[in-house]
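Hi,

Here is the structure I promised to pass on. Have a look at it first, and then read my notes underneath.

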Amino acid sequence: MTRLLGWWRRIAPTLVALGVALAVTAVFILIIGENPIAALVALFDFGETPVAQANSIGVWINRAAPLFLAGLAVSIGFRMGLFNIGVEGQYRIATVVAAGLGAAIVLPAPLHILVITLIAMAAGAAYAAIPAILKVTRGVSEVISTIMLNAIAIGIAAYLIRSPFVDPELGAGENVATTRLPESAHFPGLNELFGVLGLEEPRRPVHGFVVVAIVVGVVVAVILSRSRFGFELRASGLSALAATANGISSRAMVVKAMLFSGALAGLVGLSDLLGSAHRFQPDSFVAGYGFTGIAVALLGRNRPGGIALAALLFAFLDRAGPRLQSEGIPPAAVTIMQGIVVLSVLIVDEVARRRLRRREERRARAQDQATTPVEVAS
Amino acid sequence: MRRVMKLAAGFATAAMLLTACASDDDGTDDPTTGTDGEGASGEDVQVGMAFDVGGRGDRSFNDSAAAGLDRAGEELGVTFQDLSPASDGSNRDELLRELADGGHNPILGIGYAFFEVMDTVADEYPDVQFIRIDGPPSDRENVAVMTFAEEQGSFLMGVAAALKTETGQVGIVGGNEGEVINAFGAGFKQGVEAVDPSIEIEDQRLSPGEEPAGFADPAGARVAAEAMYQRGVDIIYTPAGDSNVGTFQAAAEAGKWAIGTDSDQYETVGDPELQEAILTSMLKRVDSAVFESINTFIEGGDVESTSYDLSDEGVGYSTSGGFIDDITDELDDYKQQIIDGEIEVSRTE
Amino acid sequence: MDAEPAPVIELTGITKRFPGVVANRDVHLAVRHGEVHAVVGENGAGKSTLMKILYGMYKPDEGTISVDGHPVEFGSPKDAIAAGIGMVHQHFMLADNFTVLENIVLGAEPRAGVRLDFAAARERIEETSERYGLGLRPDRLVEELSVADRQRIEIAKVLYRGARVLILDEPTAVLVPQEVDALFSNLAELRAAGLSVIFISHKLDEVRQVADRITVIRRGSTVATVDDPQATSSRQLAHLMVGSELPTPETTESTVTDVVELAASGLALSSQDGPDLLHDVTFEVRRGEIAGFAGVEGNGQSELVEAIMGLRKPDAGLLRLGDDDMTSWPAHQRRMAGIGFIPEDRHRQALLLDAPLWENRLLGWQGNPPAGGRFWIRPQAARAEAATIMREYDVRAPGPDTIADALSGGNQQKFVIGREMSTTLRVLVAAHPTRGVDVGAQSAIWDRLREARAAGLATVLVSADLEELLGLSDTLYVLFRGRIVARLDPAEVTPELLGSYMTGAAGQEGARFTTGDAAGEEQAARADTEEESR
């Protein structure tokens, strides 16, 4: 009962916030002269045929996986008070390097994927090391340096695709791209799993990399809550001064956290790359996960479980974009709704946090003023 | 940590709202449904169109396609639906599927970026005719690709710029370094050199490589153009999609010239102050290509990949504003030479 | 006939209940015009609740509040302010990047039409400052000012709003001795002007020095009002507060062994400008020994502690732990090797205020089993250990999942000490271990230090409390301007002699450390080190 109550206490503010966000969006849709009810129906419309429904679920999964990884990467920085805006640039660099080097090596299937994954993580971490080093040696704010490095990443990526990684057999009139990854580096899709589950198989590839994302999420959750490194990370985030006084070097933690965050950022682009794109092609490369990841991390309150839910919510809304357009709702409505969700969750969360704090203080005071020391059951 | 979180919240929200605003320029995204026209067999045809990033209302490339679609609605009586992709372009394939599932046929994809996804989706819907504007040829039977000899039109723009420059310096502000924009640039430079090899040409791209962000960066275009004008350039050719308006603003402010692309931007830009700065526009008749391919489809013909050039008016130049009335003879002279094959314009430098 | 006017404030039979506990029970308090009235009691005795009731933040369940003999009811602090009651909180509420003037008028801006009338405000502030000797400079930015200056701004702020009764909540907790003296003379001015001051504290000596009358609160009730503080000894007061004999810090027989556990030789730490922060500091601490370090604040104590803990790298010198040279060890290695640390700033250095107690149990010991480890931590073990600490050190809180910030200062400190001592330690570095805690907690902490000493712990004790130093230490070192100027036997030294060493006036008979030239010297020394630390 108490556990249920505690769980409810934690989840209720979010539900309230979601309700508020929905209401505000409805007002917005009314203002532009469309029907909010129709929009709501469209939001939950997965299509009429089983194939269309399976497709919709596939789109949802494909979108959620990179958002989750991006949110996770951002949250690592947040956990120790670092604002890593550079996930955007880190995953771009990581994806280009993974695509380029991955096409250049020959390995059997599972190993090939593993090596590409490790390359991507190393590249992301290496690019994140730059702001980390600038911060600990020169005191450069990571906010500034990562924003600038995002711009530089676009240039570096463009250079890499042109020079070392360019596909020598490009078709006529084709923009440059990296060489296609061989079959052994294609991550098996989840399409057949749909069949096993008794659903229609989606016609589009459903990226199997989501499984890796889930595993990574669990590992990160365990590291954060159970490892000494995770504890030191959180301690540094809560109070850098107290952490330092207790033997946790804040400089070392900045570097470690940024490397960790960058390594996770390196995974963001792999879902698309290994699942369907199979090469880096700037026109079809999806940019922006790094920025959306900030919102996802905020919405998920920097906890892996929360980030997973937030990524699912964002992907759910994104998925509905084309459907909403058919109903006359501009695609920007989705973005606006996402923004409002994040804002209202944060506001409601802050209010709830303060109330909880006051409650705790009252309880502690009550305890303190009790005439006898209270036996504490462990 | 709390402070960081609050900062982050503000940042994230601002970024999201900004992208929302940017991608929803003037809110003309309503699905426009063509009215019943007098066309005979067009009424039971439902045309679908998926724009490139920026969508309807970019006053340039997408709008040119939209104009062709609107014309097909009016003159051929087709009903149609058009969709715009998310600001990160992540759901182009979903747009095509949404249109196909909605029973639309033919389905047009506007822009190079539909290159791979259209082939993929075309395989999923073998009975639907797909038409792509721009990009490399496709080997799929149900995909037709409409391309344009941008280099030829751009050659004429180069001629116009060379004839009109007073400082002997002209410039290019391009969206990126992709194949299409490189063709624009190469043609323009050949045109300038054909008139006067001593004229200096500055070439700047808003995004490196194939990065598409440069097509939606008016502020960047404005900064780049301002700098060029300060260095003495007096005419800028601007193949940069949505970003063109930035170049126009800089031109109007500096009292110099800019040359638009894709649509007749003197007409599409709307603002009289900016109009005064638009010397001419390189017309890429996407509207014609769209209209004609829909027409072919209705008439039951096979929609085939076509390359439009000067000879079939697929590319050309605009005279709105009357700023180049004095040199049209020379332009037409060059145009004829190109059509006759006396001048060969290369797509690459 | 009773010629005496009605008390400016009179609380009668105030009772305030919180769920499960009675915070105040039948409290009576009468504050006269023009007196400094101290309210003393242990942490958690109900002083703060009472003051919050008086300031309109809580509503009493029973009893009445009268102002000048008229019963009143306060719905919010606004009502209390309107009735002439002002509160100076322990934690200042000032905007750093505003000037003194702006801070004082903030929320009560003088208006001339729609315009802010700063000229009128400035005049009033200067007048107030002059009258009560506050020495305010209206145009200074608050961020440039010292803690004492800020406190005076808070007082001026309250006066500016027309307060006749000022509540000062533990005002001396944040001040150094000279600043305390200055504050007391300000209070005297206020009293002379007919204003009343309610002075909340648990520092009995101060209270006796400044108060006209003292009301003692114990376990939520007023137990006595002392009319003649000077005639009452601290011990008597303390007896009233805790209801038992006052503990003394005196250690019994010596437990010092021959085994050197911690040794420093030639430690030096220079500052970028000005004199060295530490110069040739050499000492040894043996097992079972408490080595006390006396000194006026800012004479190198903090730097010495940080050097021992590995938080600052000395420029020269060696540090040995037992047989190991630990000069180059990083901080966490020193902790893992068994050096416990009670930092001077509990809030900022010792605790993660936003984290639950069990996580705070891990802080500093995250590398040591059973709760911590090389790679993994064990939350369940940490919870169990936190619960043990709470039980053994009488930390009053609902449980290991309570947020540290929710605890009172004394309980926080007991928890910190429990945390440091519940690992097998070789050396304990304790900086001001009983600063800001009440008498009950203080005696418990002293007991713990003595027990650990008897068990063979080598302790470095830095404190500003001379009684604590003299009572606990086996050996007493005096730091002055970063040097050890004396090594004394606490059994033989007199406070006077100690004071003369602390102020650098050693040898001069009768030199005392709180007055005259010596005070000036201290000031200079402090100013020096403040400069340096920037």
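Let me start with a small spot in chain C: just after α5(C), C:Gly162 takes a positive phi of about 85°. Keep in mind throughout that this is a predicted model.

The helix before that glycine, α5 of chain C, covers residues 147–160. Its 14 residues reach 20 Å from the first C-alpha to the last, close to the 20 Å expected at 1.5 Å a residue. A run of its residues is buried, including C:Gln151, C:Arg152, C:Glu154 and C:Lys157 as well as C:Ile153, C:Ile155 and C:Val158.

Chain C also touches chain A. In that contact, 33 residues of chain A meet 50 residues of chain C. Which helix gives the largest share of chain A's side? That is α16(A), with 11 residues. α16 spans 332–369, and α9 (228–238) and α10 (240–245) of chain A also supply at least two residues each. By type, chain A's side of the contact splits into 13 nonpolar, 10 polar and 10 charged residues.

Staying with chain A, its unreviewed UniProt entry lists "transmembrane region" at several stretches, among them 64–82 and 254–274. I looked at those two in the model. Residues 64–82 of chain A are 84% helix and 0% strand, with the end C-alpha atoms 24 Å apart. For residues 254–274 of chain A, the figures are 81% helix and 0% strand, and the end C-alpha atoms lie 31 Å apart.

Now for chain B. This chain has 349 residues, 61% of which count as buried, and it contains 12 helices and 12 strands. Of the contacts in chain B between residues at least 6 apart in sequence, 71% join residues at least 24 apart.

The domain assignment splits chain B into domain 1 (2–148 + 287–308) and domain 2 (150–284 + 319–340). Where they meet, domain 1 of chain B contributes 14 residues and domain 2 of chain B contributes 17. On the domain 1 side, helix α2 (residues 61–76) of chain B gives the largest share, 3 residues. That side divides into 6 nonpolar, 4 polar and 4 charged residues.

One more helix to find in chain B is α5, at residues 150–164. Is α5(B) mostly covered or mostly open? Mostly covered, with 13 of its 15 residues buried. From first C-alpha to last, α5 of chain B reaches 21 Å, close to the 21 Å expected at 1.5 Å a residue.

Cheers

Technical notes. Residues numbered from 1 in each chain as written. Chains lettered and ligands numbered in written order. Predicted model: local features only at pLDDT ≥ 70, side-chain atom pairs only at ≥ 80, totals over all residues. Domains from an automatic or database assignment. Contact = placed C-beta atoms within 7 Å. Helix = DSSP H or I, 4+ residues; strand = E, 2+ residues; numbered from the N terminus. Nonpolar A, V, L, I, M, F, W, Y, C, P; charged D, E, K, R; others polar. Buried ≥ 20, exposed ≤ 12 C-beta atoms within 10 Å, placed from the backbone. Expected span 1.5 Å × (residues − 1). UniProt positions renumbered as here; feature names shortened; annotations may be inferred.
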